Amino acid sequence: MRFEPFATGTLPRIHFGEGRLSDLPFLLRSHGSRALLVLGRSSFRQSEQWQPLVDRLEAADVTWFETAIDGEPSPEVIDVAVARFRDERIEVVVGIGGGSVLDAAKAIAGLLPSGNSVLDYLEDVGRGLPYEGPALPFIAVPTTAGTGSEATRNAVLSQRGAGGYKKSFRHDALVARVALVDPDLLRGCPPHLIAAQGMDAFTQLLESYVSLRANPFADALAWSGLQAVKQGFFAAWQGGESDAACQGRAAMAYAALLSGITLAQVGLGSVHGLAQPLGSLFPVPHGVACGTTLAEATAVNIAALSERLPDSPALDKYAAVGRLLADRPALAAAEALEFLISELHAWTDRLALPRLGEYGVSEADLPAIVAGSRNNSMRSNPIELTDEEVAEVVRRRI
């Protein structure tokens, strides 16, 4: 193993484990007594964890406000929330929800001190101003296991439709002060969300592992996360209250957390490159975009590497993941690569992940999708794919 120079980005303080939600009032109070809770539309408020949390917040003498995020947040949603709470003397922002909620909370925390518009700073489509902070302290409490937003420095915002986009507001100041990861919060997730979110986490781990920017530090975390997915994904997806299901939820919460850390350190790849235009031009949920294209993107990457860069370390890493999923450490490289592709296809079928055609994607849309995929994520793909190779990934899933 070669140890080339590398640097790590800012990480949150991590509190992980079942029942850790009860620690939130104490953690919150270390940053202030006036809090903004950013929640999903209704799911957490309707859960059995909501009232005990309210009781603990009141017992801790926390003054709190709340706002709800419905779907993927747009720049307008962020600006409206900032204007609404700008004069409430908020001292700490808490996001409790899936990736979209955490991204929204992250952006709001970054803008409340100044009251500026997020379009001042949004990459590529904003006004190009440098963000210099300060940001309010942000506590991330994920209720899904997929995006890893609790550990990243970017808030992904979306504008759907013709001319739509998915772009990031990013800065180290936006990283959560605390990532409170409680696997109990996954109990209410329906199987289709566990499937899509789990495939997103697995994709992030795999793409980080084979990234052009990979390093031994991120590789160790990615490998641990891949092992956790192997251990717990389908037990979590099947659900229930058995020990296997509980351990499966813990494994996936852990894997998603690590996937956020690794993507923040070394980037992603072609699947996430494609997820941007698929999610902005069409109503394709992010986890579905990743899950439904992962097998085909992996197959195309492996074919391109085998043909043009046969000595790439990414091929060895893909083979290692194939051996992991097959439980066969001595499997020959060619067989391991073949198994990885076939197993990811089997996962796609078993989880009944939708095809892109169900969201209106057609052959005629391929040029726009390919053009939109040439973003930051695609730049760390282990090999530069041709336009036709990128289009082929989408074509196979229409």
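The exercises below work through side-chain contacts and backbone details of one predicted model.

Residues are numbered from 1 along each chain as its sequence is written, and side-chain values use heavy atoms, with hydrogens and water left out. Because the model is predicted, local features need pLDDT of at least 70 and side-chain atom pairs count only at pLDDT 80 or more, while totals for chains, interfaces and linings use all residues.

**Exercise 1. Salt bridges**

Task: State how many salt bridges the structure holds, and describe the placement of the pair K106 and D103.

Solution. Begin with the criterion, which asks for a side-chain nitrogen of Lys or Arg within 4 Å of a carboxyl oxygen of Asp or Glu. The structure holds 21 such salt bridges. One of them joins K106 to D103, with the closest N and O atoms 3.8 Å apart. Next, locate the pair, bearing in mind that helices (H or I, at least four residues) and strands (E, at least two) are DSSP runs numbered from the N terminus. Both residues belong to helix α4 (residues 99-111), and because they are three residues apart there, about one helical turn separates them. Finally, consider accessibility, where buried means under 20% relative accessible area, exposed over 50%, and partly exposed in between (1.4 Å probe, protein chains only). By this scale K106 and D103 are both buried.

**Exercise 2. Salt bridges between distant parts of the chain**

Task: Find which parts of the chain are linked by the pair E241 and R187, and which parts are tied together by the pair E363 and R395.

Solution. Take first E241, which forms a salt bridge with R187 whose closest N and O atoms are 2.1 Å apart. E241 lies in the loop between α6 (216-238) and α7 (243-266), whereas R187 lies in the loop between β8 (178-181) and α5 (191-209), so that the pair links distant parts of the chain, 54 residues apart. E241 counts as exposed at 56% relative accessibility, while R187 is partly exposed at 31%.

Turn then to E363 and R395, a salt bridge in which the closest N and O atoms are 3.2 Å apart. Because E363 sits in the loop between α11 (333-350) and α12 (366-372) and R395 in helix α14 (residues 387-397), the pair ties together parts that are 32 residues apart in sequence. E363 is partly exposed, with 45% relative accessibility, and R395 is partly exposed as well, with a relative accessible area of 27%. As a last step, follow the shared partners: salt bridges join E296, E363, E388, E392, R395 and R396 into one network.

**Exercise 3. Aromatic rings and charges over them**

Task: Classify the geometry of the aromatic pair F234 and W347, and name the residue that lies over the face of F234.

Solution. Rings of Phe, Tyr and Trp (its six-membered ring) pair if their centres lie within 6.5 Å, and planes under 30 degrees apart count as stacked, over 60 as edge-to-face and the rest as tilted. A search of the whole structure finds 14 aromatic pairs. In the pair of F234 and W347 the ring centres are 5.5 Å apart and the planes stand at 75°, so the pair is edge-to-face. F234 belongs to helix α6 and W347 to helix α11, so that distant parts of the chain, 113 residues apart, are linked. Both F234 and W347 are buried, and together with F202, F233 and W237 they form one aromatic cluster.

For the second part, a charge sits over a ring if NZ of Lys or CZ of Arg is within 6 Å of the ring centre and within 35 degrees of the ring normal. The residue over the face of F234 is R350, at 4.1 Å from the ring centre. Elsewhere, the charged end of K317 sits over the ring of Y209, 5.0 Å from its centre.

**Exercise 4. Backbone and cysteines**

Task: Describe the peptide bond from G133 to P134, and explain why C246 has no disulfide with C189.

Solution. The peptide bond from G133 to P134 is cis, with omega near 0°, and P134 is found in the loop between α4 and β5 (138-142). D124 is also placed in the loop between α4 and β5, and has a positive phi of about 70° although it is not a glycine.

For the cysteines, a disulfide requires a pair of sulfur atoms within 2.5 Å, and the structure holds zero disulfides. The closest cysteine sulfur to that of C246 belongs to C189 and is 14 Å away, which is too far for a bond. C246 is buried, with a relative accessible area of 12%.
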